[in-house]
Amino acid sequence: MEQCRSDVVVWGGGLGGACAALQAARSGARTILLLPGPWCGGMVSAAGVSAGDGHELSAWQTGLWGAFLRGMAAAEPSGLDHGWVSCFCWRPDRAEALLQGWLAAESARLQVVRGVRLEAVRWRGDRIDTLEVSRGHEALDIRAEVVIDGSDLGDLLPVAGVPFRWGWEARERWREPSAPTASRLRQEPWFRRQPVQSPTWVALGRLDARAVVHQRQPLPQPFTGADDDHGLERLLSYGRLPDRLVLLNWPRQGNDFHHQIERAVGNQEQQRALALEMQAHSLAFLQALTTATGGTLTPAPHFPTAAGGSSCLALMPYWREGRRLKGMAVATERDLLPEQATGHGPIPRQQQGGCATVAIGNYPNDHHYPGPPWPLAPKQMVWGGRASGTPFALPYGILFSSRCSNLLAADKAVSTSHMANGATRLQPMVMNLAQVAGLAAALSVQARCPPHALDTAALQQALLKDPLAPAGLLPNPDLAWHHPRWRQHQQQGLRALHRGEPLPSVEPLPLPEGCLSAHGQYWRGRVSRQGHRWRGHGEDGPILLITLDPHAQARFQHWRDGQQVELRGCLNRGGPWFRVEQVLEG
């Protein structure tokens, strides 16, 4: 049996695992990343969910998410403006190449071990001492000072015997407005059949460049009705990616999977059966769309297979929810909902009263189940001409266990309620929380203290001063990542939050020339208001105008109906919208 020792060991497979390992190594810790499969990127690559959800506004494009976004914009020859599910869409293989390049750059301190299986965990006192893993016929014992679970399903938690949550919680527990009552959970069998959000096994198709999408046949059961709300062409442009690829991750009567999903955390035989059924369901959906379009959409082999070929099916499922750590703190729906006075969620506090925030999120909350949409308390705002989620702040305490002194969680295993998971499970949030976990692991090794004993203020300062991916801590949509005094404003706002004062105002500044998209273009025409939105009328006809930048958003507020404007930005035909980066005139 081979034995080794490291400062930090990360059980990975999810996006959080790769990001936590990367940050730990960048922060000076000797790190081992253990991967069950060949790819490291989880949601953004291996699971094929290659369209960013949340964190779209310029103020939230910080930390590892912001660095990833700018790296992908440089890596995609046609840019990121393709589909309407997100302002940012990329090819999974290019995302994987970017992440693997990042990991390779840290090879002096980071070892990546692929194709491993977690067998057992050995404890010493109140801490995990050793992870026992296997790779083929080889056995490997790994000792570490800090252990991180960076898997989608929280795989390390049950093996280690660490307490976790799984499934629904009653409204009475945390007074969450969208949670079901305890009586409903007891009386309605539906909740036992649907313990967590439905996963999807993503498939990729490719559209014929010469053909126009026409529906030749109706969609068969069980997919009948998938195109009722939007039409088939709009369904296919939902997840448009570069190079005419189409991401199939369609919730309503599409390839979301709802049958006995508790098998995801069952034994090997149950997991294997679930995987085969999910794959067959997604392939049937792709075939139904191929038939309905008369072959305009065809399967797109993209992901490597064990046999050396390629497949249109992602390497792993998109798990929306797994086991959730019982942490020192728990993020509930009430922590995400905006307060009337501020427009953002409540600021988490330490026992001594200081601000405990280590990450900012903004996703509106999204739950996937069979049947009608689950009714959720609203947390949306119209900003820059489109709906966006209201910001919320998450505390450091959701990352570490209340029972194990050297265990941190990344990815979806962080300590949240079932309802809050719908807003914390997305790619940008996972990347930035994993950055906190990796940084905290490295700092605790350096300080020779358990992660929970770290000074939160020191952790906050390290996030703001990170040399490669500084991470913002303010729920302020006016402070864009490119502001020349970004760090000073972050520090000023953080001091205000520590004192319990409102956030200081920030005057938005124009996007600098060096930060403009390489695929931008100029647009000139007149504008007309439609409620909270603006439509532009130019030579090529009307188009929706949106922006993610606070300076452009401020200019939007002063427009008048019929006014002539000149803009620079990016055209997204899948939106369809023009994403304004600069208002040059008007």
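Trainee: How many cavities of 30 Å³ or more does the count come to?
Mentor: This is a predicted model. A cavity is a set of points where a 1.4 Å probe fits but cannot get out. With a floor of 30 Å³, the count comes to 3.

Trainee: Which strand gives the most to the lining of the largest cavity?
Mentor: About 100 Å³ of space lies in the largest cavity. Its lining has 14 residues, with Trp60, Thr62, Ile360, Asn432 and Gly472 nearest the centre. The top contribution is 3 residues, and the strand that gives them is β14, residues 357–361.

Trainee: How many charged residues are in the lining of the largest cavity?
Mentor: Asp, Glu, Lys and Arg count as charged. Sorted by class, this lining has 8 nonpolar and 6 polar residues, and the number of charged ones is none.

Trainee: How does the lining of the second largest cavity divide by class?
Mentor: About 50 Å³ of space lies in the second largest cavity. Leu474, Asn476, Leu479, His489, Gln492, Gly493, Leu503, Pro504, Ser505 and Val506 line this cavity. Gly counts as polar. The lining of the second largest cavity has no charged residues, and the rest divide into 5 nonpolar and 5 polar.

Trainee: Is His489 buried or exposed?
Mentor: His489 sits in helix α14, residues 486–498. The cut-off for buried is under 20% relative accessible area. His489 has 13% relative accessibility, so it counts as buried.

Trainee: Which residues does His489 touch, not counting those up to four places away in sequence?
Mentor: His489 is one of the residues lining the second largest cavity, and so are Leu474, Leu479 and Val506. Those three are among its contacts. With His483 added, the list reads Leu474, Leu479, His483 and Val506.

Trainee: What volume does the second largest pocket have, and which residues lie nearest its centre?
Mentor: The volume of the second largest pocket is about 1,200 Å³. Its lining has 37 residues. Nearest the centre lie Pro36, Arg117, Leu153, Asp155 and Gln271.

Trainee: Which element gives the largest share of the lining of the second largest pocket?
Mentor: The elements with two or more residues in this lining are β4 (117–124), α4 (156–160) and α9 (268–292). By class, the lining has 21 nonpolar, 10 polar and 6 charged residues. The largest share is 7 residues, and it comes from α9.

Trainee: Which residues of β2 are buried on each side?
Mentor: In a regular strand the side chains alternate between the two faces of the sheet. Strand β2 spans residues 31–35, and 5 of its 5 residues are buried. Both faces are covered: one side has Thr31, Leu33 and Leu35, the other Ile32 and Leu34.

Trainee: Which residue stands opposite Ile32 in β2?
Mentor: Strand β1, residues 2–11, is joined to β2 by 4 bridges. The two strands run parallel. Opposite Ile32 stands Val9.

Trainee: In what order do the 5 strands close into a barrel?
Mentor: The pairing in this barrel is mixed. Direction ignored, neighbouring strands are turned by 55 degrees against each other on average. The order is β19-β20-β21-β23-β22.

Trainee: Which residue in β21 does Trp534 stand opposite?
Mentor: Strand β20 covers residues 533–538 and strand β21 covers residues 541–547. They run antiparallel, joined by 5 bridges. Trp534 faces a partner in β21, and that residue is Leu545.

Key. Residues numbered from 1 in each chain as written. Predicted model: local features only at pLDDT ≥ 70, side-chain atom pairs only at ≥ 80, totals over all residues. Heavy atoms only, no water. 1 Å grid on protein atoms, 1.4 Å probe; cavity = no way out; pocket = protein on both sides within 12 Å on 5 of 7 lines; lining within 4 Å. Points joined across faces, edges and corners; volume = space filled by probe spheres on them. Pairing = 2+ DSSP bridges. Axes fitted to C-alpha atoms, helices over the stretch in contact; angles between N-to-C directions. Buried < 20%, exposed > 50% of the residue type's maximum accessible area, 1.4 Å probe, protein only. Contact = heavy atoms within 4.5 Å.
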